[in-house]
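Student: I should like to work through the helix packing and the charged side-chain pairs of this model. Could we begin with the helices?

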Amino acid sequence: MSVPPTLPTARVLTIAGSDTGGGAGIQADLKTMMAFGVHGMSVITAITAQNSLGVQGIWPVPVDGVRAQFRSVVDDIGVDAVKTGMLGTAEMVETVAHLIDTLPPEVPVVVDPVCASKHGDALIDEAAITALRHVLLRRATIVTPNLGEAALLANRAPGTPPVELSEALAPYDATWVLTKGGHLDGDPVDLLRHIDGSSQTFTGPRHDNRHTHGTGCTLASAIASRLALGDDVPTAVRAAKTYISGAIEHGFALGGGIGPVDHLWQLR
């Protein structure tokens, strides 16, 4: 484990947007980190008004505020892993990338390239997708796109096979790419590809449950938590895959739309 000897656990920082409904974003990240027994910290990039029915409004945090949050946490408390989520604009992506550059190179970085909500509401603009591609991915230990996000990042058509998408993302220099297959038919198969071209797959059961709000945030935070505790990337992905499969299976109705996964399913 990478936990300093004077601390009881690892420190994981999420840089993402807030979800008022508590199912995704910062709230999902911190719940996941607690479930893995690490100390979660946050830098909020945007405030949203959202619930189980969709996103009603987005208010970005000024980049000076994001810088101040990051420096406040990192300079005093320190960090063992970072997870990024909703960034929204090119300016925000570039700001976060430059902040990550100030961390020691051994700190793992999990990039969840959040592009849309579970309801299809856009959470990023075209310039930000370009910035993700060319500025942030090269700083990533692992990037975790679903098929739609991978197609956007790779500039490929929807429906492009996962293997082709992961190969198309290789030139952007993320060390690992986890292309998630949850939107395909059958049991979800996630493809993990290393920058050297080697790959492996992770399969989980398909649960008949529509309450899946927060799956991407939750999986990425689970990976970051395990990396902070000293796992290598494939081991962290395997543990995160087991966790998210259970969280999806136990997702529950909350409000009138798509409810959240259950971040504390292992405790119930």
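Tutor: We may begin with a pair of helices in this predicted model. Angles under 35 degrees count as roughly parallel and 65 to 115 as roughly perpendicular. The axes of H5 (residues 147–154) and H6 (residues 162–169) cross at roughly 40 degrees; H5 and H6 are therefore oblique to each other.

Student: Within what distance do the axes of H5 and H6 come?

Tutor: Two packed helices are described by the angle between their axes and the distance between the axes. For H5 and H6 the angle is roughly 40 degrees, and the axes come within 9 Å.

Student: What is the handedness of the crossing of H5 with H6?

Tutor: The sense of a crossing depends on which way the near helix is turned from the far one, anticlockwise by less than a right angle being left-handed. The crossing in which H5 passes H6 is left-handed.

Student: Which residues of H6 meet H5, and what is the class of the residues in the contact?

Tutor: From H5, the residues taking part are Leu147, Ala150, Ala151, Leu153 and Ala154, and they meet Pro162, Leu165, Ala168 and Leu169 of H6. By class, this contact has no polar and no charged residues; its nine residues are nonpolar.

Student: How many salt bridges does the model contain?

Tutor: Side chains of opposite charge can pair when their charged atoms come close. The cut-off applied here is a nitrogen-to-oxygen distance within 4 Å. By this rule, the count of salt bridges is nine.

Student: Is Arg11, which pairs with Asp80, buried or exposed?

Tutor: The closest N and O atoms of Arg11 and Asp80 are 2.9 Å apart. This pair links distant parts of the chain, 69 residues apart, with Arg11 in strand S1 and Asp80 in the loop between helix H2 and strand S4. Asp80 has a relative accessible area of 10% and is buried. The relative accessible area of Arg11 is 15%, which lies under the 20% cut-off, so Arg11 is buried.

Student: Which residue forms a salt bridge with Arg139, and is that partner buried or partly exposed?

Tutor: Arg139 meets Asp101 at 2.5 Å, N to O. Arg139 lies in the loop between helix H4 and strand S6, 38 residues from Asp101 in helix H3. Arg139 counts as buried at 13% relative accessibility, whereas Asp101, at 45%, is partly exposed.

Student: What is the N to O distance between Arg156 and Glu164?

Tutor: Arg156 counts as partly exposed at 38% relative accessibility, and Glu164 counts as partly exposed at 38%. Their side chains meet in a salt bridge, with an N to O distance of 3.9 Å.

Notes. Residues numbered from 1 in each chain as written. Predicted model: local features only at pLDDT ≥ 70, side-chain atom pairs only at ≥ 80, totals over all residues. Heavy atoms only, no water. Axes fitted to C-alpha atoms, helices over the stretch in contact; angles between N-to-C directions. Helix = DSSP H or I, 4+ residues; strand = E, 2+ residues; numbered from the N terminus. Parallel < 35°, antiparallel > 145°, perpendicular 65-115°, else oblique. Contact = heavy atoms within 4.5 Å. Nonpolar A, V, L, I, M, F, W, Y, C, P; charged D, E, K, R; others polar. Buried < 20%, exposed > 50% of the residue type's maximum accessible area, 1.4 Å probe, protein only.
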